[in-house]
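Student: I would like a close look at a single part of this protein. Please keep it brisk and work outward from there.

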Amino acid sequence: MARTATRSPRQPVNTSTDLVPVGRGGFISHLAGKAMPYTSPWIGAYTLPPMAGFATNQMWGDSALSAGLASAGLGVAGVVLSAVTWHAAGGSNKFRRYRRTQATASVAAGMGWLTCATAAGPFGSPMIDLWLLGGGVFAASWNIRQLMRNAHDETEPVEEKNSLGKIAEAIGLEKLTVKSAKGNGKGMVQAPIELAAGQTMDDVQAALPKLAAAMQVPTSGATIARNQENAGRGTLNIRVADLLKDGVQFIPPVRLGQLPNEPIPLGLYADGETFIINPFDADILQHLLVMGVTGAGKSEFARGLIAHLATRRKMTIFLADCSKGRQSMGHIADGVDWFLTDGREVKHLLKALPGAIKVRGDVLADEGLDQWTPKSSLNAMVLWLEEAADLADFSELDRIARAARSVGIWLVVSLQRATWTNVSTDVRANLQASACFGVDEAGDAGFGLPDRVIEAGAVPDWGSDRPGYAFATGMGIDQSRWAMEWRSGLTDRAYLAALVAAGAEHRDPLDEATATALGAAYAQRAHRGTNRLNPAPTGQLATAAHVLEEAGADLTTLPSAQEEAITVEIEDAYSEVMGLIPNDPEPDADYSGIDLDGSLPEVPADAGMQFERRDRLGTAEARQVIHEQIDQWLQARQLTFQPADLGPAAVSAGRGKPWLQGELKRLVTEGVLRRDGYGEYTILQSPLIPA
Ligand SMILES: Nc1ncnc2c1ncn2[C@@H]1O[C@H](COP(=O)(O)OP(=O)(O)OP(=O)(O)O)[C@@H](O)[C@H]1O
């Protein structure tokens, strides 16, 4: 009996101990015990009012004046008590709101009855009828409350929680606040979360598998994005539908001839955003580890990425693949400057590489650069090693990985399983970026992805069941996207081959400094990719143009490319014109502050004006002036310039813009200059040296 009365409302009913006792006496006492807590409102309702009414009537009811005054006083007291009850019984949940109304109504009714009973007496009609009826209603209404309260804990705002909040509670995260979840219309639900005191994000992360199970999504479908500025907040990402399952189209470059440090779109994230990397634009160049079981989609990813890079200028690609070689990359081989499929050749490359790294370091130092940027005369480079563990020994790879980063050589190591047995810890530590495709066991993903990404729920343990799906970190990817799965674009052989062929005229050959430093191994390489000096046969280019046209990819007339080209042309023309106007020759002169609205200064009567006639130089001499200026820049290792920079030289030669433009064109044809996008020219050799 006592146990029943004292059990917390939140305690579940213990079916074994709360069974009804056998026997008549036991049954009656059991019933009495159950009913006891519900009797107090009845006892109160049928004893307190008549006693209070009798007392106040005896004290003040004998004269009309004292009864009237007492009634007025009790009336005021009733109003005050009701107000106090209303405020004291506050609460935000549904139960508390009902309780407040009920308590206030009970106090108001009781005090109203007492006010009347003081004058009229409690036992006359209609006071006695009101008491009997009202008392019953009052007691019954409180009994209903008691019953309801035993079913629900009033202290809990149960009904206030949204469904995600209820799930969080069900998996043991009772106090986690899950704000209203929003779907993005692309199969992704995101809900901001707030931790309670004593909770950490690790607690939430530990519960993610349970959450995924409760939501009936794959384990990797529930992830957390931590708020970098507030450890108590984050976002719960739940992928409720897989919109990538029908495949993702390969995203072609926005235009041909981009620089290495422009964004590379390679697929789509689960929330529909484009998956973009930009390794050469990140603060530091982070070498990449690509891992995944056979059939997980590593080669497809490689093909898409290499094809993009092969359409860029100032970019050189070396690819070593001794296991599958031409079978998997043959159609894009023209975009690869050095394609190594023979183990011995790879050894030669790896031997020559430290020397080339040293030379590149020296060149960058002379150019005043801490690390590679497009301003350098050197090309950016990618060294892609398929199944690297079979190609190189660890100490060699480690040395290369350490030194290559700052000289603009991006190392990409692709492996099926990057366990400690086939990649040394030193090499692994130097591969700071990762693209982890399906692995067989959750533990394997830990070798490829940072711990915090795994803990956030990013575990691609789907083997080869979901080819092309992966998680990626580093390479300029925003950290909030590291635990978001994405799928790479599916490529088409003919399309990629055409893209690479179309990119040839934009590809620069490897810079002289690196090529020389790589020595005979490079000079005698078995494979030579195409580039602007070593183009593909005309027939191949025509086929490529046809394939691209068929695929509807006119890379030169994409709206964004067009817009960009027009902007560049306008900027180009503007800077050329501005460059031809000499700087203000007399900044301190009387007339320097005059504008169109100002009045002209007085001119002294004796002031004369003399024009100095500038001689127009002959063509050979005018050219010499321009050539000397270009040579000066070359000697100072300033390898790029804009036409406007030649303005002063042209003016001093007595020549204008049309002549200068013709001259630049001639120098381009002679191979002295190269005209880049953005109206810039690169100096390829000194114009003073006869061709
Ligand atoms: N992004 C993708 N979308 C759809 N299907 C894909 C995608 N990537 C790969 N696949 C499919 O998976 C198959 C295997 O992919 P891929 O050859 O790239 O795997 P892999 O990881 O390189 O395997 P291995 O290590 O054996 O070379 C492909 O032939 C293709 O059918």
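Which residues does Trp 384 touch, not counting residues up to four places away in sequence?

Tutor: This is a predicted model. Trp 384 touches Ala 302, Ile 306, Phe 318, Leu 319, Ala 320 and Val 412, with residues up to four places away in sequence left out. Two of the elements involved can be placed at once. Helix H10 covers 298-309. Strand E9 covers 315-320. Trp 384 belongs to the largest nonpolar core, which has 115 residues. Within that core, Ile 306, Phe 318, Leu 319, Ile 332 and Trp 384 touch the most other members. Helix H12, residues 343-366, supplies the largest share of the core, 8 residues. Domain 2 (161-239) and domain 3 (285-433 + 473-550) both contribute residues, so the core lies between them. In soluble globular proteins, nonpolar side chains tend to be buried together. A second core, separate from this one, has 12 residues. Among them are Ile 626, Ile 630, Tyr 681 and Ile 683.

Now turn to H10 and the ligand. The shell around the ligand has 15 residues, and the closest are Thr 294, Gly 297, Ser 299, Pro 467 and Gly 468. Helix H10 and strand E15 (486-488) are the elements that give two or more residues to this shell. H10 gives the most, with 3 residues. By type, the shell divides into 9 polar, 3 nonpolar and 3 charged residues.

After H10 comes a loop that leads to E9, and Lys 314 is found there. Lys 314 is buried, because 25 other C-beta atoms lie within 10 Å. Its phi is near 55°, a positive value in a residue other than glycine. Most residues other than glycine have a negative phi.

Strand E15 brings in its partner, strand E14, residues 469-473. E14 and E15 pair in the antiparallel sense over 2 bridges. Ala 470 has Trp 486 as its bridge partner in E15. On E14, 5 of 5 residues are buried. In a regular strand the side chains alternate between the two faces of the sheet. Both faces of E14 are covered. Tyr 469, Phe 471 and Thr 473 are buried on one side, and Ala 470 and Ala 472 are buried on the other. E14 also pairs with strand E13, residues 433-436, in the antiparallel sense over 3 bridges. There, Cys 436 has Phe 471 as its bridge partner in E14.

The loop between E14 and E15 holds Met 475. Met 475 counts as buried, because it has 22 C-beta neighbours inside 10 Å. Phi of Met 475 is near 55°, again a positive value in a residue other than glycine.

Go back to H12 for a link along the chain. Glu 367 is found in the loop between H12 and strand E11 (380-386). With 16 C-beta neighbours inside 10 Å, Glu 367 counts as partly exposed. Leaving aside neighbours within four places in sequence, Glu 367 is in contact with Ser 376, Ser 377 and Arg 637. Glu 367 and Arg 637 are 270 residues apart along the chain, yet their C-alpha atoms are separated by 6.7 Å.

A sheet lies further along the sequence. It is open, has 3 strands in the order E16-E18-E17, and pairs in the antiparallel sense. Its edge strands are E16 (640-641) and E17 (673-675), and each pairs on one side only. E17 and E18 (residues 681-683) pair over 3 bridges. The bridge partner of Arg 675 in E18 is Tyr 681. Tyr 681 is also a member of the second core.

One more loop residue is Pro 263, between strand E5 (233-239) and strand E6 (264-269). Pro 263 is partly exposed, with 15 other C-beta atoms within 10 Å. Pro 263 touches Ile 276 and Asn 278, not counting residues up to four places away in sequence. The C-alpha atoms of Pro 263 and Phe 275 are separated by 10.0 Å, and these residues are 12 apart along the chain.

Last, the whole protein. It has 24 helices and 18 strands. Of its 691 residues, 34% count as buried. Among contacts between residues at least 6 apart in sequence, 70% join residues at least 24 apart.

Note on methods. Residues are numbered from 1 along each chain as its sequence is written. This is a predicted model: local features need pLDDT of at least 70, side-chain atom pairs count only at pLDDT 80 or more; totals for chains, interfaces and linings use all residues. A residue is near a molecule or strand if its C-beta atom, placed from the backbone, lies within 6 Å of it. Helices (H or I, at least four residues) and strands (E, at least two) are DSSP runs, numbered from the N terminus. Ala, Val, Leu, Ile, Met, Phe, Trp, Tyr, Cys and Pro count as nonpolar, Asp, Glu, Lys and Arg as charged, and the others, Gly among them, as polar. A nonpolar core is a set of buried Ala, Val, Leu, Ile, Met, Phe, Trp, Tyr and Cys residues joined through C-beta atoms within 7 Å. A residue is buried if 20 or more other C-beta atoms lie within 10 Å of its own, exposed if 12 or fewer, and partly exposed in between; C-beta atoms are placed from the backbone. Domain bounds come from an automatic or database domain assignment. Two residues are in contact if their C-beta atoms, placed from the backbone, lie within 7 Å. Two strands pair if DSSP finds at least two bridges between them.
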